[in-house]
Amino acid sequence: MRCVIARYPFDLTKSEVETQMEGVRPEAATGACVAIGRKVFPVKQVGEIITRQDRRDFTAFEVTRALTRLGFTCHTAPLETPAPRSESFPTLG
């Protein structure tokens, strides 16, 4: 499928993206993410690997749109919920 990322056309297939991402350790997901196999990657990390361009050259939206068209599931990274605080009260005595 032909995709345009950072003004450059790419002919990508789902299997090619999966192959390129094999053995890559996912970075911490903070924004838009994509599930590839059993791993969840930030879309900027995937975009950098599949296009061989610097992350500053394209937007997360461009990569998300291309990956969604290829059949990948893209979503926003869940915000980390803080651990519940245990309230401790001072004892008198």
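A search through the whole of this predicted model turns up zero aromatic pairs. One ring does have company of another kind, though: Lys14 lies over the face of Phe72, at 5.2 Å from the ring centre.

The strands come next, starting with β1 and β2. Strand β2 covers residues 8–11, and its pairing with β1 is antiparallel, with four bridges. Within this pair, Cys3 has Phe10 of β2 as its bridge partner. The hairpin that β1 and β2 form has two residues between the strands, and Ala6 in this hairpin takes a positive phi near 55°.

Strand β3 has pairing to report with β4 and with β5. With β4 (residues 39–42), β3 runs antiparallel, and four bridges join the two. Here Ala35 stands opposite Val40 of β4. The β3–β4 hairpin has two residues between its strands, and Gly37 in this hairpin has a positive phi near 65°. With β5, β3 again pairs in the antiparallel sense, over four bridges. In that pairing, Val34 is found opposite Cys74 of β5.

Now for the helix α3, which spans residues 60–70. Which of its residues are buried? They are Glu62, Val63, Thr64, Ala66, Leu67 and Leu70. As for the spacing of such residues, an α-helix has 3.6 residues a turn, so residues three or four places apart point the same way. The cover over the buried residues of α3 includes strands β1 (2–5), β3 (32–36) and β5 (73–76), along with helices α1 (14–21) and α2 (43–51). After α3 comes Gly71, with a positive phi near 105°.

Thr64 is worth a closer look. This residue sits in helix α3, and Thr64 counts as buried because its relative accessibility is 18%, while the cut-off for buried is under 20%. Setting aside neighbours within four places in sequence, Thr64 is in contact with Ala32, Val43 and Cys74.

What about the nonpolar interior? The largest nonpolar core has 20 residues, and Val17, Val34, Ile36, Val46 and Leu67 are the ones that touch the most other members. Two or more residues of this core come from each of β1, α1, β3, α2 and α3. Helix α3 gives the most, with four residues. Val34, one of the core residues just named, has quite a list of contacts once residues up to four places away in sequence are left out: Lys39, Val40, Phe41, Val43, Val46, Leu67, Phe72, Thr73 and Cys74.

That leaves the cysteines. A disulfide is a covalent bond between the sulfur atoms of two cysteines. How many disulfides does the model hold? The count comes to zero. Why does Cys74 have no such bond? The closest cysteine sulfur, in Cys33, is 9.0 Å from the sulfur of Cys74, which is too far for a bond, since a disulfide needs the two sulfur atoms within 2.5 Å. Are Cys3 and Cys74 buried or partly exposed? Cys3 is buried, with a relative accessible area of 3%, whereas Cys74 has a relative accessible area of 22% and is therefore partly exposed. Cys74 has turned up before in this account: it stands opposite Val34 and is in contact with Thr64.

Terms used. Residues are numbered from 1 along each chain as its sequence is written. This is a predicted model: local features need pLDDT of at least 70, side-chain atom pairs count only at pLDDT 80 or more; totals for chains, interfaces and linings use all residues. Side-chain values use heavy atoms; hydrogens and water are left out. Buried means under 20% relative accessible area, exposed over 50%, partly exposed in between (1.4 Å probe, protein chains only). Rings of Phe, Tyr and Trp (its six-membered ring) pair if their centres lie within 6.5 Å; planes under 30 degrees apart count as stacked, over 60 as edge-to-face and the rest as tilted. A charge sits over a ring if NZ of Lys or CZ of Arg is within 6 Å of the ring centre and within 35 degrees of the ring normal. Contact means heavy atoms within 4.5 Å. Two strands pair if DSSP finds at least two bridges between them. A nonpolar core is a set of buried Ala, Val, Leu, Ile, Met, Phe, Trp, Tyr and Cys residues joined through side-chain atoms within 4.5 Å.
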